Structures are given as C-alpha cells and as structure tokens.
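I opened the model and kept a running log. The entries below follow the order in which I looked things up.

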Amino acid sequence: MYKSLSTILILSGNYKKLADWYEKVLGLKVTWRSDHPEDTGVLFGFAGKETDLWIGQHDRVKGKNKDVYRIMINIKVDSVTKVYKTLLKKGVKFEAKPFKAPTLPYYFAAFYDPENNILQLVGGK
C-alpha cells in the first residue's frame with residue numbers, strides 16, 4: 001500500500017533564513033521554490049530522488065524547536081567523518097561526534113540546524 005517517503009517537511013516561521021542555511025551550509029541543491037501565498041517554501045532534492053526535503057513557511061511555527069529529540073532526519077553520505085569535518089569548519093553544532101552504531105554496520109553523527117532540528121549523517125566511516 002505505501003511505496004516510500006515522498007517529502008520530509010520542516011516548517012518554520014522564517015523559512016527563507018532556514019532554507020538559506022540548508023543550501024549554503026549543507027550544500028543541498030534547490031529543485032523548486034514556491035512563493036504562492038498558501039504554499040511557500042523551498043524544495044531540496046537528493047541524488048537518490050526517492051525523498052525530497054521541503055523547508056516551508058507556517059504561521060503557527062515560531063522560533064526554535066523546543067522538543068529537539070522528537071524527530072531526527074537521517075541523511076545518507078559516503079563518509080560520515082569527512083562530512084562531519086566539513087560541517088565543523090562551517091560552524092555546525094553537533095550533538096554527537098561520529099560513532100559506529102552498536103547494531104548496524106554504519107557510522108552516525110548528529111547535528112542541529114539553526115532552529116534546533118536534529119539531523120543525522122549515516123554512512124561509512
């Protein structure tokens with residue numbers, strides 16, 4: 001019945017500032033922008049093309065995320081350590097340095113975006 005995740009949405013009171021960070025700091029590629037009054041935001045695509053990331057405006061979202069551990073978004077990478085070092089140089093705040101998962105053959109490293117949403121790198125060492 002369910003095929004895959006289509007789009008992950010991160011809603012913000014200041015979507016332009018947040019989307020700018022995802023584009024400039026993380027280096028994600030913008031695939032579409034919408035300034036429609038009822039659907040405003042920026043869509044980012046990934047190489048796998050299965051799932052997109054939408055950073056959008058929402059009038060009920062204000063300030064930073066107050067429940068940071070509620071949801072975590074994993075981003076697949078070839079080398080967690082390499083991306084970790086790159087993001088550290090850009091001033092990204094990490095929750096967890098690269099570590100080997102105890103039950104999986106992958107490495108992880110968790111970090112925050114400017115609104116305190118947690119993202120996690122997952123991949124090879």
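**Entry 1: a four-stranded sheet.** I am working from a predicted model. I traced an open sheet of four strands and read its order as S5-S8-S7-S6. The pairing in this sheet is mixed. I then checked the edges and found S5 and S6 (94-100) there, each pairing on one side only. I also looked up the twist: neighbouring strands are turned by 20° against each other on average, direction ignored.

**Entry 2: inside that sheet.** I looked at S7 against S8. The two run antiparallel and are joined by six bridges. I picked out one facing pair here: Phe-111 stands opposite Leu-119 in S8.

**Entry 3: a second sheet.** I found another open sheet of four strands, with the order S1-S4-S3-S2. Its pairing is mixed. Which strands stand at its edges? I noted S1 (7-12) and S2 (29-36); each has a single partner strand, so one side of each is left without a neighbour in the sheet. From one strand to the next, the twist averages 20°. I followed S2 along S3 and logged seven bridges in the antiparallel sense. In that region, Ser-34 stands opposite Gly-41 in S3.

**Entry 4: the whole chain.** I listed two helices and eight strands for the protein chain. Read from the N terminus, the elements run β-α-β-β-β-β-α-β-β-β. I compared the radius of gyration, 15 Å, with the globule rule, which gives 14 Å for 125 residues; the values are close, so the chain is as compact as a globular protein of that length. The C-alpha atoms fill a box of roughly 45 × 35 × 25 Å along the principal axes.

**Entry 5: burial and contacts.** I pulled the chain totals next. Buried residues make up 36% of the 125 residues. The exposed surface comes to about 8,600 Å², and carbon and sulfur atoms supply 54% of it. I also looked at range in sequence. Among contacts with a separation of 6 or more, 53% are between residues 24 or more positions apart.

**Entry 6: the nonpolar core.** In soluble globular proteins, nonpolar side chains tend to be buried together. I therefore went to the largest nonpolar core here, which has 25 residues. Which members touch the most others? I noted Tyr-22, Phe-44, Ile-55, Phe-94 and Phe-111. Next I asked which elements give two or more residues to this core. They are H1 (15-24), S3 (39-45), S4 (52-57), S5 (72-79), H2 (80-89), S7 (107-112) and S8 (118-124). H1 gives the most, with five residues.

**Entry 7: around Phe-94.** I listed the contacts of Phe-94, leaving aside neighbours within four places in sequence. They are Tyr-84, Leu-87, Leu-88, Ala-109, Ala-110, Phe-111, Tyr-112 and Leu-121. Phe-111 recurs in my notes, as the residue opposite Leu-119.

**Entry 8: Lys-125.** I finished in the segment after S8, where Lys-125 is found. Is Lys-125 buried or exposed? Its relative accessible area is 60%, and over 50% counts as exposed, so Lys-125 is exposed. I still found contacts for Lys-125: not counting residues up to four places away in sequence, it touches Ser-79, Val-80, Thr-81 and Tyr-107. I took one distance as well. Lys-125 and Lys-76 lie 49 residues apart in sequence and 12 Å apart in space, C-alpha to C-alpha.

Note on methods: Residues numbered from 1 in each chain as written. Predicted model: local features only at pLDDT ≥ 70, side-chain atom pairs only at ≥ 80, totals over all residues. Heavy atoms only, no water. Core = buried A, V, L, I, M, F, W, Y, C linked by side-chain atoms within 4.5 Å. Buried < 20%, exposed > 50% of the residue type's maximum accessible area, 1.4 Å probe, protein only. Contact = heavy atoms within 4.5 Å. Pairing = 2+ DSSP bridges. Axes fitted to C-alpha atoms, helices over the stretch in contact; angles between N-to-C directions. Rg over C-alpha atoms; globule rule 2.2 N^0.38 Å. Areas by Shrake-Rupley, 256 points an atom, 1.4 Å probe, with all protein chains shown as cover.
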